[in-house]
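Me: Could you take a close look at one part of this structure for me? I would like to follow a single helix and its surroundings, and then see how the rest of the chain fits in.

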Amino acid sequence: MASSDSMTVFDRALVRRRRDRAVSEFTNHSFLFDEVAERLADRLEDVLRPFPMALDVGCHDGAVGRALAGRKGIERLVACDLSPGFARVARGIAADEEFLPFAPGSFDLVVSNLSLHWVNDLPGALVQIRQALKPDGFFCGAMLGGETLFELRRCLYEAELEQAGGVSPRVSPFAEIKDAGGLLQRAGFALPVVDSDTLTVTYSDAFALMRELRGMGETNTVLARRKVPATRGLLFDAARRYAELYAEPDGRIPVTFQILYLAGWSPHESQQQPLKPGSGEIPLGQALRGGRATH
């Protein structure tokens, strides 16, 4: 399903190939996925109900499945990923987030861990997730936000502008938090909630960061990117700028990962209804506890 106003930003075939390439060494670079999976699982503890049938969209190596094992009354968790390699590792199925192969009303819970920021038609993908949920089913997802890698983006931009007199996208764009709630509403979710965390990680230098991103399968797949690899001169210049602008006293460089958390319910007639605009908001805790007023 594709929305009429969707844009093609990413080369999805390249996203799949880079994920497949990352599979063999992923455990050496998976810290971010493991950490966010635990945070998603902790957030689900605030939802006062079991979820017998669950779906993990964009499962990578199954971090969400590990984090949710024995929790929230999950009897079966179906894992899927764009990468056949990751799908095999997670004992799931290969499936594109933009074309989910599940019947409407199949799941009590859908979780997505750091995958949806690579989707071209995010509104359409969210609609499919909502349709895959049973009435009053819950969606909880995490994706990279607009502040992610702002340091690297700046350094590559300035280095390329000086060396080439122009710039091309060297770091993929990410969604802004102000847009995420609107996307959930457009997709038909009830009681949407959006918030964010910022994780700061340090590396020895910019080259160590670039190796990490490659190991994660998170390198640039923007269609408008320059198709020739960055020159050594450009990369060394960007690394020098990174160190000069951001290095900490011990010489290590900080790297920002902004995580957007999205949550919403598949509509059901028994759910608490939002107040009229201007009269207040449904409290976050109430929204997380679930749509039904009796919870």
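The part I have in mind is helix α5, residues 122-132. Is α5 enclosed or open, and what covers its buried residues?

Reply: Happy to help; let us begin with the ground rules. This is a predicted model, in which local features need pLDDT of at least 70 and side-chain atom pairs count only at pLDDT 80 or more, while totals for chains, interfaces and linings use all residues. Residues are numbered from 1 along each chain as its sequence is written, and side-chain values use heavy atoms, with hydrogens and water left out.

First, the setting. The protein chain has 10 helices and 7 strands; helices (H or I, at least four residues) and strands (E, at least two) are DSSP runs, numbered from the N terminus. Of its 295 residues, 52% count as buried, where buried means under 20% relative accessible area, exposed over 50%, and partly exposed in between (1.4 Å probe, protein chains only). Among contacts in the chain with a separation of 6 or more, 80% are between residues 24 or more positions apart; contact here means heavy atoms within 4.5 Å.

Now to your helix. Because 9 of the 11 residues of α5 are buried, the helix is largely enclosed by the rest of the structure. The buried ones are Leu122, Pro123, Gly124, Ala125, Leu126, Val127, Gln128, Ile129 and Ala132. Their cover includes strand β4 (107-113), strand β5 (133-144) and helix α7 (177-186). At the start of α5, a side-chain oxygen of Asp121 comes to within 3.0 Å of the backbone nitrogen of Gly124.

Gln128 deserves a stop of its own. This α5 residue is buried, with a relative accessible area of 10%. A polar atom of its side chain lies 2.9 Å from the backbone nitrogen of Leu100. For reference, a polar contact is a pair of N or O atoms within 3.5 Å; within protein, one must be able to donate a hydrogen and the other to accept it, and residues adjacent in sequence count only if both atoms are side-chain atoms.

Next comes α7, part of the cover over α5. In α7, Ala180, Leu183 and Leu184 are buried. They span an arc of only 95° around the axis, so they sit on the same side of α7; the arc is that of the directions from the helix axis to the C-beta atoms. The face turned away from this buried side carries the exposed residues Lys178, Gln185 and Arg186. The buried residues of α7 are covered by elements including α5, β5, β6 (190-203) and β7 (253-265). Just after α7, Gly188 takes a positive phi of about 95°. In β6, Leu191 also has a positive phi, of about 50°, although it is not a glycine.

On the other side of α5 in sequence, the loop between β4 and α5 holds His117. At 5% relative accessibility, His117 counts as buried. The side chains of His117 and Glu218 are joined by a polar contact of 3.0 Å. A polar atom of the His117 side chain also lies 3.3 Å from the backbone nitrogen of Leu144. Leaving aside neighbours within four places in sequence, His117 is in contact with Phe10, Met143, Leu144, Phe174 and Glu218.

How does this fit with the cores? A nonpolar core is a set of buried Ala, Val, Leu, Ile, Met, Phe, Trp, Tyr and Cys residues joined through side-chain atoms within 4.5 Å. The largest one has 53 residues, and those with the most contacts inside it are Leu32, Val36, Leu44, Phe138, Tyr242, Phe257 and Ile259. A second, separate core of 27 residues includes Leu55, Ala95, Leu126 and Leu262. Leu126 is one of the buried residues of α5, which ties your helix to that second core.

Tyr242, from the largest core, also takes part in a helix pair. Helix α8 (residues 206-216) and helix α9 (residues 232-246) pack at an angle of about 115°, with their axes 9 Å apart. Axes are lines fitted to C-alpha atoms, for helices over the stretch in contact, and angles run from 0 to 180 degrees between N-to-C directions. The two helices are therefore roughly perpendicular to each other; angles under 35 degrees count as roughly parallel, over 145 as roughly antiparallel, 65 to 115 as roughly perpendicular and the rest as oblique. Ala206, Phe207, Leu209 and Met210 of α8 meet Leu235, Phe236, Ala239 and Tyr242 of α9.
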